[in-house]
Structure formats: C-alpha cells, structure tokens
Amino acid sequence: MPRFSRVAPLTSLAATVLSLMAIATLASPALVAQNRVATASGELLITPLAHASVQIEMSGRVVQVDPWSAADLDRARPADLVLVTDADAGGHHLDNAAIAKVRKHGAPIVMPASGRAKVADGVVLNNGDTREFANLQVEAIAAYDLTPGEPFHAKGVANGYVVSTGGTRIYIAGVTECVPEVRALRHITVMFVPMNLPNGRMTPAAAAECVRTIAPAVVYPYHYDQGYIRRRSDGVNLASPADILRTLDVFADALQAGNSLNHIEVRRGAWYPAR
C-alpha cells in the first residue's frame, strides 16, 4: 500500500498561527478556518464542527462524520457520504435532524447496526466490514470499552472508520479505548483520537501511547470535553476551560516524549464554543 507523504514543516509564522488556533478552542468554531493537509493523493480539507462532528473533504467528496445540530451546520457543505459512529441516546453521534440538513439527496448514511431503527435507509457496516461509497473505501473499525463502568460501550455496538482514497487513509476513532483492532492500524494519514473518556478511559497519556502505536502523520484530539453535553443540557460546569486545555498540553507533551524517531503533528481543532 502506498505510504502517505508527510506534512511539510511549519514556518515560524505558521506555528504561531496554529498556537493561536489552539487558544481559539474556546472561541466560536465558525471563526476558525479549514485545516489543510497535503498528501500524496491531494489536499485534504478538514473542518472541525463540534465535539465528535467533523467535515472532511477528500478527492472531490464531502464526508460528514457524526453531524450534530449543536454545530454551526449553516457552514457545512452538503455531504456525499455521512458516517455515524454510534446510536447514542444523547444524540451527539446520531442526530437525524442534522443528517437531514447536511446530506445530499440519496447520499449513503453508514452506521453500525445499533442505528438501524433510527435511520430507515441507513447502510449497516459491522466491525471489520469494508465497502466503497462515493468512490471512497470505508472500513468499519471496532470501537468499544475495556475498562468497566457506566457508560459502557460494548464490542460490536459502535464503529470507528478508516476512509481511504489512493494512499491517503483517515481514521476517525469514535468513542473507543485503544483496543487490539485499533492498535493494528497502520499507514494512517490523519487520525481523530478521543480523550478524557469516562471512568479513566483514554487519558492524555493513554491516548498519546495509542497514537504513537499507529504513527499517523497528523492527529486531532477530539471528543475530549465530556462535560460539554452536560453544560448544554443543564448548565452544570464539570471542568474549567483551563483544565480542559491543559489536557491537550499533557497529550502533546506525552506524545512528543515517546516520539523521537517519527514526527506526528498535533492539531487542535476548535471543537467547542466559548463558555
């Protein structure tokens, strides 16, 4: 399989801009420009939307992952493909209203079997299945918890996805620990890794170790402010903005500490609005 091209080193000006974008994690996502990633298969455009919701443009196709009504979907592009990682009760992974807003007419909606009852025309991929949609190869990767405690994601209920075109492979992990199916992944261009999951799952150090194992060119920590859902529903603030941002620093430091041979670029998307 062709190896991806590494992202070019940042100029000092670009590094400064990315640092400001990291601080802007607390600003409105609508104010943050799209992220561009150069690959051997062409440029990727990545637009963080909210929490687990992200827009990916590759090979002339628009992929919407876990579209959610809490995001600013007025700026989202119509989707050639919609990927749903989980049929969660909270609706921030499977949101029918958001799907209807971003989906092109007839575009496939790919999901685990747990979402079948909620989306009548959804296409089910089980863990390990691979199919082509919109001229993109989509592989469903197991996403589940190992550490006990509620909420608990059992094996087979949710999917991560590897979306491929040419030698470019994007891995969207969904909600998962670094299970064997995840650790086996290789030749990943861009990885979206969850962090700070309940019951001590995917701490910054554990997420960094997982990313080192896979060795993507670029990694986005996402789905890392677990209190965001609670604040939206009842206004309870479980952690300060500074505490949440500090976990991103811990992740980046832990990744760098064990990453002397291969450069992995950490990008901090604006996943959460100001609070």
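Which residue in S12 is the bridge partner of isoleucine 172? Keep that question in mind while you open the structure, which is a predicted model.

**Stop 1: the sheet**

Start by selecting strands S8 to S14. They form an open sheet of 7 strands in the order S8-S9-S10-S11-S12-S13-S14, and the pairing is mixed. At the edges you will find strand S8 (130-133) and strand S14 (265-266), each of which pairs on one side only.

Now pick out strand S11 (residues 168-172) and strand S12 (residues 190-194). These two run parallel and are joined by 3 bridges. Click on isoleucine 172 and look across to S12: the bridge partner there is phenylalanine 192, which settles the opening question.

Next, move to the edge strand S8 and select strand S9 (residues 136-143) along with it. Here the pairing is antiparallel, over 4 bridges. For one partnership to look at, select arginine 131, whose bridge partner in S9 is valine 138. The hairpin of S8 and S9 has 2 residues between the strands, and in it alanine 134 takes a positive phi near 50°.

**Stop 2: a cis proline and a pocket**

Follow the chain on from S9 and stop in the loop between S9 and strand S10 (158-165), where proline 151 lies. Show the backbone here: the peptide bond from glutamate 150 to proline 151 is cis, with omega near 0°.

Keep proline 151 selected, as it also belongs to the next view. The second largest pocket holds about 250 Å³ of space. This pocket is lined by 16 residues, and those closest to its centre are Asp88, His92, Pro151, His153 and Val175. If you colour the lining by residue type, you should see 7 nonpolar, 7 polar and 2 charged residues.

**Stop 3: the disulfide**

How many disulfides are there to find? The count comes to 1. Select cysteine 178 and cysteine 210 to see the bond, with the two S atoms 2.1 Å apart. The pair links distant parts of the chain: cysteine 178 sits in the loop between S11 and H3, while cysteine 210 is in helix H4, 32 residues apart. The torsion about the S-S bond is about 80°, so this disulfide is right-handed.

Are these two cysteines buried or exposed? Cysteine 178 is buried, with a relative accessible area of 12%. Cysteine 210 is buried as well, at 2% relative accessibility.

**Stop 4: salt bridges**

Stay with helix H4 for a moment and select glutamate 209. This residue forms a salt bridge with arginine 183, and their closest N and O atoms are 2.8 Å apart. The pair connects distant parts of the chain, with arginine 183 in helix H3 (residues 180-183) and glutamate 209 in helix H4 (residues 204-214), 26 residues apart. Arginine 183 is partly exposed at 32% relative accessibility, and glutamate 209 is partly exposed at 28%.

That pair is one of 13 salt bridges in the model. For another, select aspartate 80 and lysine 104, whose closest N and O atoms are 2.7 Å apart. They too link distant parts of the chain: aspartate 80 is in the loop between strand S4 (61-65) and strand S5 (81-83), and lysine 104 is in the loop between helix H2 (96-102) and strand S6 (109-111), 24 residues apart. Aspartate 80 counts as buried at 15% relative accessibility, whereas lysine 104 is partly exposed at 36%.

Now go to helix H6 (residues 241-257), which contains both arginine 246 and aspartate 243, 3 residues apart, or about one turn of the helix. Their side chains meet in a salt bridge of 2.7 Å, N to O. Arginine 246 is partly exposed at 45% relative accessibility, and aspartate 243 is partly exposed at 37%. Then select Asp145, Glu177 and Arg201, which are joined into one network by salt bridges that share partners.

**Stop 5: two loop residues with positive phi**

Finish in the loops beside S4. In the loop between strand S3 (53-58) and S4 you will find serine 59. Its phi is near 50°, a positive value in a residue other than glycine. Serine 59 is partly exposed, with a relative accessible area of 42%.

Last, select aspartate 66, in the loop between S4 and S5. This residue is not a glycine either, yet its phi is positive, at about 45°. Aspartate 66 counts as buried, at 0% relative accessibility.

Note on methods: Residues are numbered from 1 along each chain as its sequence is written. This is a predicted model: local features need pLDDT of at least 70, side-chain atom pairs count only at pLDDT 80 or more; totals for chains, interfaces and linings use all residues. Side-chain values use heavy atoms; hydrogens and water are left out. A salt bridge is a side-chain nitrogen of Lys or Arg within 4 Å of a carboxyl oxygen of Asp or Glu. Buried means under 20% relative accessible area, exposed over 50%, partly exposed in between (1.4 Å probe, protein chains only). On a 1 Å grid over the protein atoms alone, a cavity is a set of points where a 1.4 Å probe fits but cannot get out, and a pocket is an open set with protein on both sides within 12 Å along at least five of seven lines; lining residues have an atom within 4 Å of a point. Grid points are joined across faces, edges and corners, and a volume is the space filled by probe spheres set on the points. Ala, Val, Leu, Ile, Met, Phe, Trp, Tyr, Cys and Pro count as nonpolar, Asp, Glu, Lys and Arg as charged, and the others, Gly among them, as polar. Two strands pair if DSSP finds at least two bridges between them. A disulfide is a pair of cysteine sulfur atoms within 2.5 Å.
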